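Me: I should like a close look at one part of this protein, namely its aromatic side chains and their surroundings. Please set the part within the whole before turning to the detail.

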Amino acid sequence: MNESCLPPSEPGTQLGLLFRQVRDAMWARMERELAAAGHDLTFSQFITLKRLAHGEASASELARKAELNPGAMTRLLDRLEERGLTVRIADPADRRALLVRLTDAGRAMWADIDQCGVRVRTRAFEGLSDAEQDALVRLLLQVRDNLTRED
């Protein structure tokens, strides 16, 4: 059934579903954009490389960013390291811990795949003015903060 044919409802009754559909559409569009650019990367790998483009990070921080459990993040990092995109290094502040950083090849890939992200964001905001884009992001941040705030 086409959503425009659904009966009118209370504002927000389909909010969770809409958020999920937007997230899934963003992820799918990003994976298609990466594939079209010749990169065999998942959305989670993209998010991991994006975070590492800003500096080294622990595997647990990367797992939180990519919304993966620690085991899945370890496997993802293994694949990125096998491809020569990342390297694990000892954390100077904690001998038991490792940090992950991009290699030169990873930084070069990031320069290209960052443009894929720009194209996806541009597509997502098509038809919205700058003010509408700013308002949308501000409102989504407010909804997120409302839902994650401890009572």
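Reply: Two residues are in contact here when heavy atoms of each lie within 4.5 Å. With that meaning, 47% of the contacts between residues at least 6 apart in sequence join residues at least 24 apart. The structure shown is a predicted model.

The setting may be given briefly. The protein contains 6 helices and 3 strands, which follow one another along the sequence as α-α-β-α-α-β-β-α-α. Its C-alpha atoms fill a box of roughly 55 × 45 × 30 Å along the principal axes. Of the 151 residues, 26% count as buried. The exposed area is about 10,400 Å², and carbon and sulfur atoms supply 54% of it. As for charge, the mean positions of the 22 positive and 24 negative charges are 3 Å apart.

We now come to the rings. A pair of aromatic rings is described by two values, the distance of the centres and the angle of the planes. The protein has 3 aromatic pairs in total. In one of them, Trp27 and Phe43 have ring centres 4.9 Å apart and planes at 25°. Planes under 30 degrees apart count as stacked, and this pair is therefore stacked. Trp27 belongs to helix H1 (residues 15–36) and Phe43 to helix H2 (residues 43–52), so the pair ties together parts that are 16 residues apart in sequence. The two partners can also be described by their exposure. Trp27, at 28% relative accessibility, counts as partly exposed, whereas Phe43 is buried with a relative accessible area of 14%.

A further pair is formed by Phe46 and Trp110, with 5.6 Å from centre to centre and 35° between the planes, and this pair is tilted. Phe46 lies in helix H2 and Trp110 in helix H5 (residues 104–124), so that the pair links distant parts of the chain, 64 residues apart. Both partners are enclosed: Phe46 is buried at 4% relative accessible area, and Trp110 is buried at 14%. Ring pairs join Trp27, Phe43, Phe46 and Trp110 into a cluster.

The cluster also has a charged neighbour. The charged end of Arg23 sits over the ring of Trp27, at 4.4 Å from the ring centre.

Helix H2, which holds Phe43 and Phe46, deserves separate mention. Of its 10 residues, 9 are buried, so helix H2 is largely enclosed by the rest of the structure. Besides Phe43 and Phe46, the buried residues of H2 include Ile47, Leu49 and Leu52, and among them are also Ser44, Gln45, Thr48 and Arg51.

Helix H1, the helix of Trp27, also contains Glu33. Glu33 has 19% relative accessibility; buried means under 20%, and Glu33 therefore counts as buried. Leaving aside residues up to four places away in sequence, Glu33 touches Cys116, Arg119 and Val120. Glu33 and Arg121 lie 88 residues apart in sequence, yet their C-alpha atoms are 11 Å apart in space.

Taken together, the part examined consists of a cluster of four named rings, Trp27, Phe43, Phe46 and Trp110. Its stacked pair joins helices H1 and H2, and its tilted pair joins helices H2 and H5.

Terms used:
Residues are numbered from 1 along each chain as its sequence is written. This is a predicted model: local features need pLDDT of at least 70, side-chain atom pairs count only at pLDDT 80 or more; totals for chains, interfaces and linings use all residues. Side-chain values use heavy atoms; hydrogens and water are left out. Helices (H or I, at least four residues) and strands (E, at least two) are DSSP runs, numbered from the N terminus. Buried means under 20% relative accessible area, exposed over 50%, partly exposed in between (1.4 Å probe, protein chains only). Accessible areas come from the Shrake-Rupley method with a 1.4 Å probe; for residues, only the protein chains shown count as cover. Lys and Arg count as positive and Asp and Glu as negative; His and the chain ends are not counted. The place of a charge is taken as NZ of Lys, CZ of Arg, CG of Asp or CD of Glu. Rings of Phe, Tyr and Trp (its six-membered ring) pair if their centres lie within 6.5 Å; planes under 30 degrees apart count as stacked, over 60 as edge-to-face and the rest as tilted. A charge sits over a ring if NZ of Lys or CZ of Arg is within 6 Å of the ring centre and within 35 degrees of the ring normal.
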